[in-house]
Amino acid sequence: MDLIPVIVFWGLLLVGMFSRGPFIFYLLFGSMAFGAFAVIPPEFTQGLSFTPPPIIALAIILIYGGGTKGLSRMLDIALRPSQCLLLFLFWIVAIWVTLFMPRIFAGAVTIIPMKLEGSTSGDPLYPTMQNISQLMYLTISIVTVFACALAFRTASTRQHLLAALCVGGAVIVLTGILDLVGLGPYLDMFRTAQYGYLTDVEIADVKRIVGLMSEASAYGSTAVAFLSAIYFFRRAIVSPWLRLYGAPCLIVLLSLFSLLSTSSAAYAGLGVFACVAAAEWFWRLLMTDQGSQAREGLVAEFWVVVLGLAAIYVLMLTYPAIFDPFLKLIDTIIFKKTASDSFEERSMWTAVSLQALWDTWGLGVGVGATRASNGFVAVFSNSGIAGGLFYYGFMLQTFLRRARPGAAVDAAMLNAVRFYMPPVFITGVLAGTSADFGIMNACIYAMAASIAWTAPAPATARPVTGRSIRHERPA
């Protein structure tokens with residue numbers, strides 16, 4: 001029975017590869033809801049669980065990087081300073097640190113292993129299979145940026161990417177609905193990865209929605225990521241129906257299921273998203289011209305927020321008891337979070353990983369060597385100070401990219417990237433455990449790189465020579 005989903009997946013992947021069309025991007029984003037689905041039985045991979053997104057990303061790399069011409073174009077993107085050179089240098093540093101540092105500092109540095117098998121205060125650093133597996137995942141994410149930067153050079157492909165984002169958000173909502181109505185046990189046929197599962201858990205008398213993920217925090221974080229992407233990128237969608245109706249409906253539903261996940265990381269992400277969305281609303285109101293597509297929906301969004309707050313206020317006055325379960329939930333997962341064992345354990349992970357960076361003199365301990373509960377610390381402790389500076393330098397470069405003058409849709413996409421990145425960065429700082437930035441972010445980085453425009457250098461003045469001087473005949 002477990003082989004049926006695996007066979008269906010590989011059949012769909014073959015269709016995507018041989019069709020060489022946009023279907024593979026829809027498959028990629030639709031598969032991100034299947035976070036506990038191992039597409040290769042773990043007994044054949046020595047316990048490693050390969051979920052759909054990295055496998056589909058490898059297929060995309062093969063499609064666009066296959067052959068000498070495709071490989072040379074990807075290499076050109078990787079080595080061009082205005083494109084992805086900083087990311088390429090981060091990759092090189094991460095490989096070097098992962099290959100040598102666990103051996104140079106073996107037994108001399110304390111780390112938190114990626115596989116928590118009874119470790120309470122840390123283990124000595126030694127090379128493990130986690131170094132290879134996590135470096136492989138990071139490599140897939142980085143090379144996906146190069147391949148997709150090549151794939152997204154056409155405007156039509158970029159539009160398919162935005163539509164695929166909406167498909168992925170719809171699948172997240174659908175799996176959440178199935179779990180909410182009590183069909184979660186029927187989804188177990190897709191939970192074939194060798195993870196620790198927390199699929200039937202309540203907190204403050206509220207059932208946590210997990211969808212097809214291994215736990216509620218993974219589901220909530222994925223829902224918030226799709227919510228942020230669809231919200232900020234919807235104004236770059238050309239299709240009127242998807243921009244004006246499909247995307248707004250998904251935004252509402254993803255917000256709801258992010259709340260139903262009852263994940264503290266998801267709630268923090270929602271808070272950050274709300275702040276950035278408010279800043280984006282004021283930017284569209286004050287900094288864009290009348291008639292600009294960026295101003296589309298400003299009035300409707302204002303009244304939706306006002307009416308929503310008014311409805312909550314009226315309910316609080318008339319039926320205050322209706323909010324008691326929600327307030328109890330908020331008190332449990334946020335205000336009492338600092339007193340929980342989970343908070344203390346995750347804080348310890350970050351402290352030990354940061355100390356490991358210090359103990360290696362800033363060189364790092366290698367990708368997959370230590371687990372943190374802070375994405376910023378995870379990147380620097382895994383790849384060292386040099387690797388961290390290269391990666392966050394690339395993030396800053398992505399944030400500052402600009403479109404060719406007159407390209408309104410491309411400018412809307414890059415503006416969306418700028419507002420999408422702060423929630424991703426802050427939620428990663430709050431809950432990130434590894435240096436891998438993931439396939440979804442890889443596609444966003446690639447889209448920004450593919451449409452970025454570098455202003456041509458000003459033409460140098462030609463020297464004046466005797467032949468170029470025109471002598472006017474006197475009148």
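**Exercise 1. Describe the chain as a whole, starting from its contacts.**

Of the contacts in the chain with a separation of 6 or more, 73% join residues 24 or more positions apart; contact means heavy atoms within 4.5 Å. The model is predicted, so local features need pLDDT of at least 70 and side-chain atom pairs count only at pLDDT 80 or more, while totals for chains, interfaces and linings use all residues. Residues are numbered from 1 along each chain as its sequence is written, and side-chain values use heavy atoms, with hydrogens and water left out.

Step 1. List the elements. The chain has 16 helices and 4 strands. Helices (H or I, at least four residues) and strands (E, at least two) are DSSP runs, numbered from the N terminus.

Step 2. State the burial. The chain has 475 residues, and 48% of them are buried. Buried means under 20% relative accessible area, exposed over 50%, and partly exposed in between (1.4 Å probe, protein chains only).

**Exercise 2. Find the largest nonpolar core and follow one residue with the most contacts inside it.**

Step 1. Fix the term. A nonpolar core is a set of buried Ala, Val, Leu, Ile, Met, Phe, Trp, Tyr and Cys residues joined through side-chain atoms within 4.5 Å.

Step 2. Give the core. The largest one has 112 residues, and F29 and F233 have the most contacts inside it. Helix 6 (residues 129-151) supplies the largest share of this core, 13 residues. Another core, of 10 residues, lies apart from it, with V97, L125, V365 and A369 among its members.

Step 3. Follow F29. Not counting residues up to four places away in sequence, F29 touches L161, A164, L165, G168, F226, M440 and C443.

Step 4. Move on to L165. This residue is in helix 7 (residues 155-180) and counts as buried, at 2% relative accessibility. Leaving aside neighbours within four places in sequence, L165 is in contact with F29, F226, A229, I230, F233 and M440. L165 and R234 are 69 residues apart in sequence, and their C-alpha atoms are 9.8 Å apart.

**Exercise 3. Compare the surroundings of G30 and S156.**

Step 1. Place G30. It lies in helix 2 (residues 23-30) and is buried, with a relative accessible area of 12%.

Step 2. Give the partners of G30. Not counting residues up to four places away in sequence, G30 touches G168 and V171. The C-alpha atoms of G30 and A170 are separated by 8.1 Å, although their positions lie 140 residues apart along the chain as a separation.

Step 3. Place S156. This residue is in helix 7 and counts as partly exposed, at 47% relative accessibility. S156 and P22 are 134 residues apart in sequence and 9.3 Å apart in space, C-alpha to C-alpha.

**Exercise 4. Describe the second largest pocket and its lining.**

Step 1. Fix the terms. Rolling a probe the size of a water molecule over the atoms shows where empty space is left. On a 1 Å grid over the protein atoms alone, a cavity is a set of points where a 1.4 Å probe fits but cannot get out, and a pocket is an open set with protein on both sides within 12 Å along at least five of seven lines; lining residues have an atom within 4 Å of a point. Grid points are joined across faces, edges and corners, and a volume is the space filled by probe spheres set on the points.

Step 2. Give the volume and the lining. The second largest pocket holds about 1,500 Å³ of space. Its lining has 32 residues, and I251, S255, E301, V304 and V305 lie nearest its centre.

Step 3. Assign the lining to helices. Helix 9 (240-260), helix 10 (264-287) and helix 11 (298-318) each supply at least two residues. Helix 11 gives the largest share, 9 residues.

Step 4. Sort by class. The lining has 23 nonpolar, 4 polar and 5 charged residues. Ala, Val, Leu, Ile, Met, Phe, Trp, Tyr, Cys and Pro count as nonpolar, Asp, Glu, Lys and Arg as charged, and the others, Gly among them, as polar.

**Exercise 5. Count the disulfides and check C443.**

Step 1. The structure holds 0 disulfides, a disulfide being a pair of cysteine sulfur atoms within 2.5 Å.

Step 2. C443 counts as buried, at 0% relative accessibility. The closest cysteine sulfur to that of C443 is in C148, at 4.3 Å, which is too far for a bond.
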